[in-house]
Amino acid sequence: MTTPPQTNRTVLVIGTGGREHALARALALDPSVGAVHVAPGNPGTATVARNHPVDPMDGASVADLAVELGADLVVVGPEAPLVAGVADAVTARGIACFGPSGAAARLEGSKAFAKDVMAAAGVPTARAFVCTTPEEAAAALDELGAPYVVKDDGLAAGKGVVVTEDRQAALDHAAGCEQVLIEEYLDGPEVSLFALCSWNETTGATVYPLQPAQDFKRIHDGDEGPNTGGMGAYTPLTWAPEGLVDEVLETVLQPTVDEMARRGTPFAGLLYAGLALTSRGTRVVEFNARFGDPETQPLLALLDSPLADLLVGAATGTLADVAPPAWKPGAAVAVVLASRGYPESSSSGEVIGGIAEAETVEGVHVIQAGTAPSGDDVVTAGGRVLAVVGLGEDVAAARATAYAGVGLVEFEGVQFRTDIAAGR
């Protein structure tokens, strides 16, 4: 597979959400990109790209569309198509694809598999038990004690984790899953660290960490209420320990991709390490095999490198030939607006107003996720509806900018946190 030409690239992004809108927006701003397509996309992606009605889970259809468009690069956004092997279907047609193979995406598709890889690679993580029966779950809960951490082994759109002091609630969550991990509780703040990864037989693995970010998983202010897919995020983390990125590269990221290559399933794409900065040192909470949402939104807003060069390098095993990511000064904060009932349910069809007005605020752009067209209107069509991204000279200024934009967007039943990046 040869590296695509460095100018006038055609890029196809797969997915429907905010991550895909943020990726399409960044690619549309890249001078080396001539055309951006998204399948199936949303009304937000339609403002920066051309949408196509393709099922993201249908690898053959995705590959057919890529061939039809003459795509130089396909970027698979969500985890489910990656685990289903959509990247394999694209690369089988000779087209560069950013995203791991189905076999490598098991790092996210199975938490038990990820734990096995971490154990083999010596990666620091929480002690855990894999449980398939109520009796095993009860024994694991008693062994580890409260707070109880129960994780669905498979994909759960960021909502398959329960952290509770209530033993019965922990047992109930375990009973609803075919297989669960019950883990020791990790104290301390959590950090998201993404890394672009490539691999080839000559040079092995290349890993470029991005700038650390932090997301806010619970629905209500003060980290109250159930877990969600993420209610906001910000970067940079001025409070993070000095040398954190180098430490995680050495002890987590590089050993993991080296172990994946040793197993014959090299990891190429985006490796997301969810980290806990505990009293006993840095520990891995989880791995994801794709850009995280909503951290992608503020990260890409601050990226000062051409995105396409990095993604193509990762996809083609030539990342070592591309300069490491560079960052703009300042900070970015993203605040998610969710629909009524989220995360237990969601409402749809509510007319959204104020997106254009919010984007007149200097330093604000709006990333759409759970939206749909309805005549001349944009309406809600999911739990997390959109994210308002604000830029500023520091986190406090970026936060003020983001919330200025939030104040201009409205739809019936809207809910959002008021404390994203507060005090940072």
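## Q415 and an aromatic cluster

The side chain of Q415 comes within reach of the backbone oxygen of S339, at 2.9 Å. Keep in mind that this is a predicted model. Where does Q415 sit? You'll find Q415 in the segment after α13 (395-406). Is Q415 buried or exposed? Its relative accessibility is 19%, so Q415 counts as buried, given that buried means under 20%.

Who surrounds Q415? Setting aside neighbours within four places in sequence, Q415 is in contact with the run V336, L337, A338, S339, R340, G341 and Y342, and also with I219, H220 and M231.

Now for the rings. How many aromatic pairs does the structure hold? There are 4, and two that involve F194 are set out here:

| Pair | Centres apart | Planes at | Kind |
|---|---|---|---|
| F194 and Y272 | 4.8 Å | 35° | tilted |
| F194 and F291 | 6.1 Å | 75° | edge-to-face |

Take F194 and Y272: F194 belongs to strand β10 (residues 190-200) and Y272 to strand β16 (residues 269-278), so their pairing ties together parts 78 residues apart in sequence. Both F194 and Y272 are buried.

The pair of F194 and F291 is edge-to-face because the planes are at 75°, and over 60 degrees counts as edge-to-face. This pair also links distant parts of the chain, 97 residues apart: F194 is in strand β10, while F291 is in the loop between β17 (281-288) and α10 (296-302). F291 is buried, just as F194 is.

Which residues make up the aromatic cluster? F194, Y272 and F291 are joined by F98 in one cluster.

Technical notes. Residues numbered from 1 in each chain as written. Predicted model: local features only at pLDDT ≥ 70, side-chain atom pairs only at ≥ 80, totals over all residues. Heavy atoms only, no water. Helix = DSSP H or I, 4+ residues; strand = E, 2+ residues; numbered from the N terminus. Buried < 20%, exposed > 50% of the residue type's maximum accessible area, 1.4 Å probe, protein only. Polar contact = N/O pair within 3.5 Å; in protein donor to acceptor, adjacent residues only side chain to side chain. Contact = heavy atoms within 4.5 Å. Phe/Tyr/Trp six-rings, centres within 6.5 Å; stacked < 30°, edge-to-face > 60°.
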